[in-house]
Amino acid sequence: GIRHRSVSSGLGDVYKRQRQAIVYSMIAEYLRYRGYNVKYVRNYTDVDDKIINKANMLGKNALEFSREQIIETELDMKNLHIKDADIKPKASENITNIINFVKGLIDKGYAYATKGGDVYFIVRKFKDYGKLSNRKIDELLNGVRKEVNEEKRDPLDFALWKSAKQGEIYWNSPWGNGRPGWHIECSAMVLNELGETIDIHGGGKDLIFPHHENEIAQSEAYTGKNMAKYWSHCGLIKINGEKMSKSLGNSLTIRDALKKYNYETIKYVFLQKHYTSD
């Protein structure tokens with residue numbers, strides 16, 4: 001099984017998604033050419049903080065906004081002649097799987113629910129935390145997201161389930177109305193589609209910590225097995241050494257690029273450097 005994720009907001013994210021799609025589609029096709037039986041999964045994170053905030057700014061339902069972004073993303077992939085993934089699950093379609101996963105982590109003593117309806121993973125209980133990014137647990141406080149929650153036992157603990165705030169999309173759960181944390185949805189979809197241990201897990205370099213580190217912790221705490229045999233990370237998209245950004249005036253949409261260049265030229269540019277390079 002090969003798996004990577006897509007997110008649904010931001011210009012930089014668009015290019016990152018396309019580069020990852022080009023790279024992992026190519027890897028899947030090469031492995032098939034070599035005779036391997038490949039199951040290629042590209043999951044969509046269609047509900048998270050960025051999506052909710054952007055949807056609220058636009059006065060739209062978060063899932064409606066995500067659907068629009070996914071349609072646009074897949075149109076870009078089609079125009080780039082990127083072969084589709086075999087399976088494309090969405091976080092919003094896996095809420096039951098996510099809730100069951102969180103329940104399992106609580107039952108195993110790796111997570112706790114607060115009175116306010118949030119659920120957190122106990123990072124210090126997972127002894128191998130930091131093994132992907134080669135970080136020591138006592139050196140991680142500077143890298144964690146600052147959350148103001150008096151019920152959070154340790155600053156390192158991360159959210160598995162977030163209680164609903166005013167104006168946010170939510171689902172019912174044993175802990176009250178809320179939604180999945182950023183990391184848990186990926187682990188739940190991997191387990192559901194590819195099983196306890198997958199062959200290749202992909203994504204951007206920027207996801208190594210904390211996202212992939214947290215995926216490993218919650219998945220391996222839940223199953224007791226290695227999450228993935230191989231981890232693969234794409235480099236970031238940069239223009240003249242700088243991150244692509246509208247504010248820097250160095251941005252170019254996929255559609256604008258396709259007006260100037262053939263799709264094969266664009267794909268060649270992405271693939272002429274090693275996929276791990278920026």
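# Salt bridges and a covered helix

Four charged residues, E29, R32, K83 and D86, are joined to one another in a network of salt bridges. The structure is a predicted model, and the count of salt bridges in it comes to 20. The points below take up three further pairs, with the burial of each partner, and then turn to helix α5.

**The pair E74 and R42**

- E74 forms a salt bridge with R42, and the closest nitrogen and oxygen atoms of this pair are 3.8 Å apart.
- The pair links distant parts of the chain, since E74 belongs to helix α3, which covers residues 62–79, while R42 belongs to strand β2, which covers residues 40–44, and the two residues are 32 residues apart.
- E74 has a relative accessibility of 27% and therefore counts as partly exposed, whereas R42, with a relative accessibility of 1%, counts as buried.

**The pair E220 and K131**

- A salt bridge also joins E220 to K131, with the closest N and O atoms 2.8 Å apart.
- E220 is part of helix α6 (residues 208–223) and K131 is part of the loop between β4 (119–121) and β5 (158–163), so this pair ties together parts of the chain that are 89 residues apart in sequence.
- E220 counts as buried because its relative accessibility, 11%, falls under the cut-off of 20%, while K131, with a relative accessible area of 36%, is partly exposed.

**The pair E68 and K60**

- E68 forms a salt bridge with K60, and here the closest N and O atoms are 2.7 Å apart.
- E68 counts as partly exposed, at a relative accessibility of 28%, and K60 is likewise partly exposed, with a relative accessible area of 29%.

**Helix α5 and the residue after it**

- Helix α5, which runs over residues 184–194, is mostly covered, with nine of its eleven residues buried.
- The buried residues of α5 begin with I184, E185, C186 and S187, continue with A188, M189 and V190, and end with E193 and L194.
- Helix α5 is followed by G195, a residue whose phi angle is positive, with a value near 95°.

How values were computed:
Residues are numbered from 1 along each chain as its sequence is written. This is a predicted model: local features need pLDDT of at least 70, side-chain atom pairs count only at pLDDT 80 or more; totals for chains, interfaces and linings use all residues. Side-chain values use heavy atoms; hydrogens and water are left out. Buried means under 20% relative accessible area, exposed over 50%, partly exposed in between (1.4 Å probe, protein chains only). Helices (H or I, at least four residues) and strands (E, at least two) are DSSP runs, numbered from the N terminus. A salt bridge is a side-chain nitrogen of Lys or Arg within 4 Å of a carboxyl oxygen of Asp or Glu.
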